[in-house]
Every structure is written in C-alpha cells, then in structure tokens.
Amino acid sequence: EKSLSVDNLFVFVIIMAKFAVPRVHQQKALLIGIVIALIMRGIFIAVGAAAIHQFSWVFYIFGAFLLWTAYKLGKEGFEDNNEEEEEYRPNLAVRLAQRWLPATEQYHGQRLIAKVDGKRLVTPLFMVVVALGFTDLLFALDSIPAIYGLTREPYIVFTANAFALLGLLQLYFLLGGLLSRLVYLGLGLSVILGFIGVKLVLDALHANTLPFINGGHPIESIPEIPIWLSMSVIVGALVVTSVASLIKDRRDRARA
C-alpha cells in the first residue's frame, strides 16, 4: 500500500501546481483530502469484503483488473517521455463542483468557504481538497484489490490503507524533487500488480464455484503462492526499480 501510495504523490504534485496552492496551505489541503479519501476507502473496503465473503469469483474480477492495470502501467512506463510534463485533467467531482458551486478565484487563507460581498463562496483550496480526495479514490481501485491478494482481513486492509495514506503527508514534503528521479517506479509497480493479479486468479481457481470452470469445482492441483514469496517479489521489485532509477538519474546528470 505504501509503494502504491507513493505513485499518488506524482499526481498530488501536479494538482498543487495546477491550482497554484501556496506552500503554507498545502499541508492542510493534503490532510483534509487524505481524510476524505480514507473515509471513502473505508466504504470501498467494506463493500469489497462483503462481496468476497459472498462470492469467491470476485477474485477473478480483481485479478483481471490488476493484470490490465499492470499492462497499462508498464506500457506507460516504457513510453514515458520525460520532456513532456504531465497535464492535470480535473476529475468528475471537481468538474461538477466547479460547475455548480459558486466559487472565488482568490485564496482566503486556509478557509474552504469564504464570504465575499455577502455571499458564501468556495475557495480554490476547497477545489484542491476535492481533487485530492477523489483522485486518491481512483488509485484505490488497484491498491485495495492488490492488498486483498495478501490478506482477506478487512481490518488489516483498512489499517494498511490508513497508515499508507497518513504517511503521504510526510512523504510529500520529504521526497520533494526525488519523485521526478524515480523514473522506473511505474515499471516496478506494474510488476507488483501483475504478480498479485496472477495470485488472485490462482486463489479464485482454488475456491472456484463458477460452473463453466472445471464444472464448478475447485482446482486444487494449481500451486499456491505463499505470503513470503509475495512479499519478496514486492520488496525486490521496489529495490531494483529504485536503484535503477537513481543510477539512471546519476548518469543523466553526469552527461549534462
């Protein structure tokens, strides 16, 4: 969850730059946005746990989605052009808020709602909070199924998400310019998501109930992937991609 959350920071940096958020206000915007994301993730986790409890075939969907995400993330990693700056596109929640809520273009300290000429208007900081919260929820579409590939305990899933999200607040200011140097992080995450996607499909086959697969009976001949192997792949992929990214960055700086 922490490694997948680090990838969120790239988008958070773009959002902060797009809305020109003063640095003194960024901590509050991140904190409120993360709290909103955590509440929505909690609902998502509860729904996912209920679905898994009732329908074992849900892991087929989770696994297929992770494999598709891994392919897309890996493809973007290979096609990434460092000369082109990523453009921020407001999500649906932000577009609806900008369309229907009366807003002011001026920041009013750390207030989300300000009174201007007798009217209550939402400030740009309000839009930033909405953008951060709902953008993070989109990232949860792959991170939550991924952690369900390691544990089926909703409490562990939620606490892992909580610690990962709360850690983003410190990582955002700690890492700073280091994010742009982790050029291979996307490839590492694609390997992780692809591996867990395969693991979820294998888990689904072990508990199969779909009538058109093996007559609705579990397939016990398929080997299970142990937790220690999963953690080894995750840590190994992160270490290799991080070291490779820093080596490439050092060589690029030396050439420059």
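At roughly what angle do the axes of helix α5 and helix α7 cross? The close-ups below, taken from a predicted model, begin with that pair.

**View 1. Helices α5 and α7 cross at roughly 55 degrees.** Here you can follow α5 along residues 124–148 and α7 along residues 185–206. Their axes come within 9 Å. An angle from 35 up to 65 degrees counts as oblique, and the two helices are therefore oblique to each other. The crossing of α5 and α7 is left-handed.

**View 2. Seven side by side: the residues where α5 meets α7.** From α5, look for Asp142, Pro145, Ala146 and Tyr148. Their partners on α7 are Leu193, Ile196 and Leu200. Sorted by character, the residues of this contact are 6 nonpolar, no polar and 1 charged.

**View 3. The largest nonpolar core holds 34 residues.** Good places to start are Phe59, Phe62, Tyr148, Leu193 and Ile196, which touch the most other members of this core. Helices α2 (23–54), α3 (58–79), α5, α7 and α8 (227–255) each supply at least two of its residues. The most come from α7, which gives 10. In soluble globular proteins, nonpolar side chains tend to be buried together.

**View 4. Isoleucine 196 and its contacts.** Setting aside neighbours within four places in sequence, Ile196 is in contact with Leu66, Ala146, Gly149 and Ile234. You met Ile196 earlier, in the contact of α7 with α5.

**View 5. A second, separate core has 30 residues.** Among its members are Ala93, Val129, Phe139 and Tyr172.

Methods
Residues are numbered from 1 along each chain as its sequence is written. This is a predicted model: local features need pLDDT of at least 70, side-chain atom pairs count only at pLDDT 80 or more; totals for chains, interfaces and linings use all residues. Side-chain values use heavy atoms; hydrogens and water are left out. Axes are lines fitted to C-alpha atoms, for helices over the stretch in contact, and angles run from 0 to 180 degrees between N-to-C directions. Helices (H or I, at least four residues) and strands (E, at least two) are DSSP runs, numbered from the N terminus. Angles under 35 degrees count as roughly parallel, over 145 as roughly antiparallel, 65 to 115 as roughly perpendicular and the rest as oblique. A crossing is left-handed if the near helix is turned anticlockwise from the far one by less than a right angle, and right-handed if clockwise. Contact means heavy atoms within 4.5 Å. Ala, Val, Leu, Ile, Met, Phe, Trp, Tyr, Cys and Pro count as nonpolar, Asp, Glu, Lys and Arg as charged, and the others, Gly among them, as polar. A nonpolar core is a set of buried Ala, Val, Leu, Ile, Met, Phe, Trp, Tyr and Cys residues joined through side-chain atoms within 4.5 Å. Buried means under 20% relative accessible area, exposed over 50%, partly exposed in between (1.4 Å probe, protein chains only).
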